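Me: I want to test the labels on this model against their cut-offs. Please show me the sequence and structure, then defend each term.

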Amino acid sequence: MTAEEKLNKCYESFKDKIDFKPAVALILGSGLGALADEIDVKAVLNYNEIEGFPMSTVPGHKGRFVFGYIEDVPVVIMQGRVHYYEGYDMHDVVLPTRLMRKMGAEVLFLTNASGAANPDFSAGDFMLITDQIANFVPSPLIGANFESLGTRFPDMSEIYNKKLREIVKKTAEDLGIKLQEGVYIQLTGPNFESPSEVRMCRMLGADAIGMSTACEAIAANHAGMKIVGISCVANLGCGLTDTPLTHKEVIEAADKAAPLFKKLIRASIKNIYNEGLK
Ligand code: HPA
């Protein structure tokens, strides 16, 4: 089966079970999954109910799509994403993103936890993603092009939609939430970086380092989605701090930031739906 056939099969499986058309797709990162439990839920689809769907194995990540309404906006939430470091092929890592596109979502709202490469950032900061560096992971577009989704050589000049970014900035301002801005770099993980690698990322122009998001943004941009992304800076990158990093620390920092993060996401989705899709 080709990767595109697999996607189509997953879509058929979704269509058989769920009657819901989302406008916004939301991917929740480490420690942020609880947002999906707080919305007006209309339906739930566990990943293991979808034939051929890649499963998430990371603690702190649930594996299911939640369909419902955030502030009256029809959304599909990916509660638990699939990571490249779990050993999946990059086509599988972005399959859920493409599937949410096929479900009808026009906007992809990406969230993640990251480590700071920018020494001016603090743990607990939120960063609006302005652009990304994805060259350290394989492009999800390698292989036969999914002609039904997009062109062979897609433009990447504005992966993160400028209008949506402005809306999120204004939303944060109105809520009195501090919002940093910067470039996100995706590395494979699962190991955290060495101090030299963090310095390298900084030299390349990155502000935050993570193990997800950029590949999903490429696939979504290819498929014509409008993308917005916010990173929760869980820790300072290795070398910017003396303490060794643990996954527990990342989850705890994300948990702590979660209430404010959720508030920002909810309000941003409402404003994007009302102002950003025209
Ligand atoms: N590096 C990479 N990914 C991360 C980090 C980090 O320091 N923190 C949370 N996700």
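Me: Why is D72 called exposed?

Reply: D72 has a relative accessible area of 66%. Exposed means over 50%, buried under 20%, and partly exposed in between (1.4 Å probe, protein chains only). D72 is therefore exposed. This is a predicted model: local features need pLDDT of at least 70, side-chain atom pairs count only at pLDDT 80 or more, and totals for chains, interfaces and linings use all residues. Residues are numbered from 1 along each chain as its sequence is written, and side-chain values use heavy atoms, with hydrogens and water left out.

Me: What makes the backbone of D72 worth flagging?

Reply: Its phi is near 70 degrees, a positive value in a residue other than glycine. Most residues other than glycine have a negative phi. D72 sits in the loop between β3 (64-70) and β4 (73-79). Those element names come from DSSP runs, numbered from the N terminus: helices are H or I with at least four residues, strands are E with at least two.

Me: And T213: is it buried or exposed, and what is its phi?

Reply: T213 has 0% relative accessibility, so it counts as buried. Its phi is near 75 degrees, again a positive value in a residue other than glycine. T213 is in the loop between β8 (208-210) and α6 (214-222).

Me: How do you know that α6 is mostly covered?

Reply: By counting: 9 of its 9 residues are buried. Among them are C215, E216 and H222. Just after α6, G224 takes a positive phi of about 80 degrees.

Me: What makes the bond between G189 and P190 a cis peptide bond?

Reply: Its omega is about 0 degrees. Most peptide bonds are trans. P190 lies in the loop between β7 (179-186) and α5 (195-203).

Me: How do you know how many disulfides there are?

Reply: The count is 0. C10 is in no disulfide: its nearest cysteine sulfur, that of C215, is 17 Å away. For C201, also in no disulfide, the nearest is that of C238, at 11 Å. A disulfide needs two cysteine sulfur atoms within 2.5 Å, so neither distance qualifies. C10 is buried at 0% relative accessibility, and C201 is buried with a relative accessible area of 0%.

Me: Why is the pair of F53 and F65 called edge-to-face?

Reply: Rings of Phe, Tyr and Trp (its six-membered ring) pair if their centres lie within 6.5 Å; planes under 30 degrees apart are stacked, over 60 edge-to-face, the rest tilted. F53 and F65 give 5.6 Å centre to centre and 75 degrees between the planes. That is over 60, so the label holds. F53 lies in the loop between β2 (40-46) and β3, and F65 in strand β3, so the pair ties together parts that are 12 residues apart in sequence. Both F53 and F65 are buried.

Me: What makes F126 and F261 a stacked pair?

Reply: The centres are 4.8 Å apart and the planes 25 degrees. Under 30 degrees, so stacked. F126 lies in strand β6 (residues 126-133) and F261 in helix α7 (residues 247-276), so parts that are 135 residues apart in sequence are tied together. F126 and F261 are both buried. By this rule the count comes to 9 aromatic pairs.

Me: Why do you say that a charge sits over the ring of F146?

Reply: The rule asks for NZ of Lys or CZ of Arg within 6 Å of the ring centre and within 35 degrees of the ring normal. The charged end of R98 sits over the ring of F146, 4.0 Å from its centre. The charged end of K102 sits over the ring of Y11, 5.5 Å from its centre. Y11 is also in one aromatic cluster, including F14, F20 and Y47.

Me: What makes the link between Q79 and R64 a polar contact?

Reply: The side chains come to 2.6 Å. A polar contact is a pair of N or O atoms within 3.5 Å; within protein, one must be able to donate a hydrogen and the other to accept it, and residues adjacent in sequence count only if both atoms are side-chain atoms. The distance therefore fits. Q79 lies in strand β4 and is buried, with a relative accessible area of 2%.

Me: Which side chain has a polar atom 2.8 Å from a nitrogen atom of the ligand?

Reply: That of E193. The 2.8 Å is within the cut-off, so the polar contact stands.
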